[in-house]
Amino acid sequence: MGEFELLIDFHKNTERQGPGSEDDTLKALNFIEFDEGAKLNIADIGCGTGAQTLTLAKYLDSRITAVDLFPEFLDILNLNAKKYGLKDKITTLEKSMDDLPFSKDQFDIIWSEGAIYIMGFEEGVKKWKEYLKIGGYLALSEITWTTNSRPAEIEDHWKKEYPEIDTASGKIRVLEENGFSPVGYFYLPESSWEKNYYKPIENQFEDFLTKHKNSKLAQEIIEAEKEEISMYRRFKDYYSYGFYIARKVK
Ligand SMILES: C[S@@+](CC[C@H](N)C(=O)[O-])C[C@H]1O[C@@H](n2cnc3c(N)ncnc32)[C@H](O)[C@@H]1O
C-alpha cells in the first residue's frame with residue numbers, strides 16, 4: 001500500500017476524519033433560517049465517512065449530495081445511511097471539491113466541516129458561492145487562531161502547514177468581501193478534538209501498526225499523528241476549528 005492508501009485505511013475506521021461533534025453540527029444549523037416545510041437542497045463537501053451528513057439528514061427535510069474524493073469513505077457513508085434509514089436523503093458523489101459538476105444557484109446550503117482548507121478558504125468560498133442560491137447559506141469549519149497573538153513555535157508550525165490560518169475576524173472579512181453576510185461564529189470545544197477525534201485515532205495506533213506489519217510508512221503515519229496531537233495538547237489555547245455560518249446576499 002502507498003501512503004495515500006495507508007492514510008485512508010487509517011482514517012476510515014473512525015466515525016470522524018477531523019474534529020467535530022453532533023452538537024457542533026446542530027449548533028451551526030441553529031443559525032440558519034429556512035422556510036417551514038421547505039425541502040432543502042444541500043451539498044456536504046469533503047464529507048469523509050459522513051458523521052455530519054447523517055446528522056443533517058436526520059434533522060432536516062432534505063436532499064443531500066455528499067462529496068468526497070475517496071470512494072472508501074463514501075462506501076462507509078452509504079452503509080451507514082442505509083443502516084439509519086437515511087438512504088433516500090443522501091446521494092454520494094466521488095469528485096474533487098475544485099471540480100464539481102454543480103450548477104449555478106443549485107443549493108440552499110453548502111456545508112463543509114474541516115475540508116475547505118484543501119482548496120484554501122478564500123478559493124473555496126469564491127468557487128462554491130456560485131452553486132448557492134441568493135439567500136442560501138455556507139456553513140464551514142476551518143482551523144482558526146483563537147487569540148490575537150501566540151507563541152512563535154505554534155505560529156511557525158501552522159504558517160508552514162496552512163499559511164491561510166487566521167483569526168475569526170480575518171475569516172469573516174473574507175466572507176464579507178465575497179458577498180456573504182456572516183450570521184454566526186463559534187469555535188469547537190476541546191471535547192470535539194479529544195473525545196471525538198484524537199482519542200479514537202489514538203486507540204487504533206497499535207492495531208494499525210500490527211495490521212501493516214510495522215512497515216516504515218505505517219510508522220511514519222503514526223508518528224505524524226502523534227506530533228499533531230502533541231501540538232494540539234500543548235497549544236490548544238491558541239487555535240481550534242472555527243465554525244462560520246454566512247448567508248449569500250449578492
Ligand atoms: C479533515 S477530513 C473531514 C471529513 C469530515 N467532514 C469530518 O469532519 O469528519 C477532510 C476530507 O476531505 C476529503 N478530501 C481531500 N481532498 C479532497 C478533494 N480534493 N475533494 C473532495 N474531498 C477531498 C478527505 O477525503 C476527507 O474526507
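**Exercise 1.** Which Trp and Tyr residues form one aromatic cluster?

*Solution.* Keep in mind that you're looking at a predicted model. Start with the tryptophans: Trp158 and Trp193 belong to the cluster. Now add the tyrosines, which are Tyr197, Tyr198, Tyr232, Tyr239 and Tyr241.

**Exercise 2.** Work out how Phe31 and Phe186 pair up, and where each one sits.

*Solution.* Searching the whole structure turns up 21 aromatic pairs. One of them joins Phe31 and Phe186, with 6.4 Å centre to centre and 15° between the planes. Planes under 30 degrees apart count as stacked, so this pair is stacked. Next, place the partners: Phe31 is in the loop between α2 and β1, while Phe186 belongs to strand β7, 155 residues apart. Then check burial. Buried means under 20% relative accessible area, so Phe186, at 7%, is buried; Phe31, at 31%, is partly exposed. Finally, look for a charge: the charged end of Lys27 sits over the Phe186 ring, 4.7 Å from its centre.

**Exercise 3.** Is Gln204 buried or exposed, and what does it touch?

*Solution.* First find Gln204 in the loop between α8 and α9. Its relative accessible area is 14%, so Gln204 is buried. Skip the neighbours within four places in sequence, and its contacts are Phe10, Asn13 and Thr14.

**Exercise 4.** Describe the lining of the second largest pocket.

*Solution.* The volume of this pocket is about 380 Å³. Of its 18 lining residues, Glu15, Arg16, Ala51, Leu54 and Tyr84 come closest to the centre. Sort the lining by type and you get six nonpolar, seven polar and five charged residues. As for helices, α3 gives the most, with four residues.

Note on methods. Residues are numbered from 1 along each chain as its sequence is written. This is a predicted model: local features need pLDDT of at least 70, side-chain atom pairs count only at pLDDT 80 or more; totals for chains, interfaces and linings use all residues. Side-chain values use heavy atoms; hydrogens and water are left out. On a 1 Å grid over the protein atoms alone, a cavity is a set of points where a 1.4 Å probe fits but cannot get out, and a pocket is an open set with protein on both sides within 12 Å along at least five of seven lines; lining residues have an atom within 4 Å of a point. Grid points are joined across faces, edges and corners, and a volume is the space filled by probe spheres set on the points. Helices (H or I, at least four residues) and strands (E, at least two) are DSSP runs, numbered from the N terminus. Ala, Val, Leu, Ile, Met, Phe, Trp, Tyr, Cys and Pro count as nonpolar, Asp, Glu, Lys and Arg as charged, and the others, Gly among them, as polar. Buried means under 20% relative accessible area, exposed over 50%, partly exposed in between (1.4 Å probe, protein chains only). Contact means heavy atoms within 4.5 Å. Rings of Phe, Tyr and Trp (its six-membered ring) pair if their centres lie within 6.5 Å; planes under 30 degrees apart count as stacked, over 60 as edge-to-face and the rest as tilted. A charge sits over a ring if NZ of Lys or CZ of Arg is within 6 Å of the ring centre and within 35 degrees of the ring normal.
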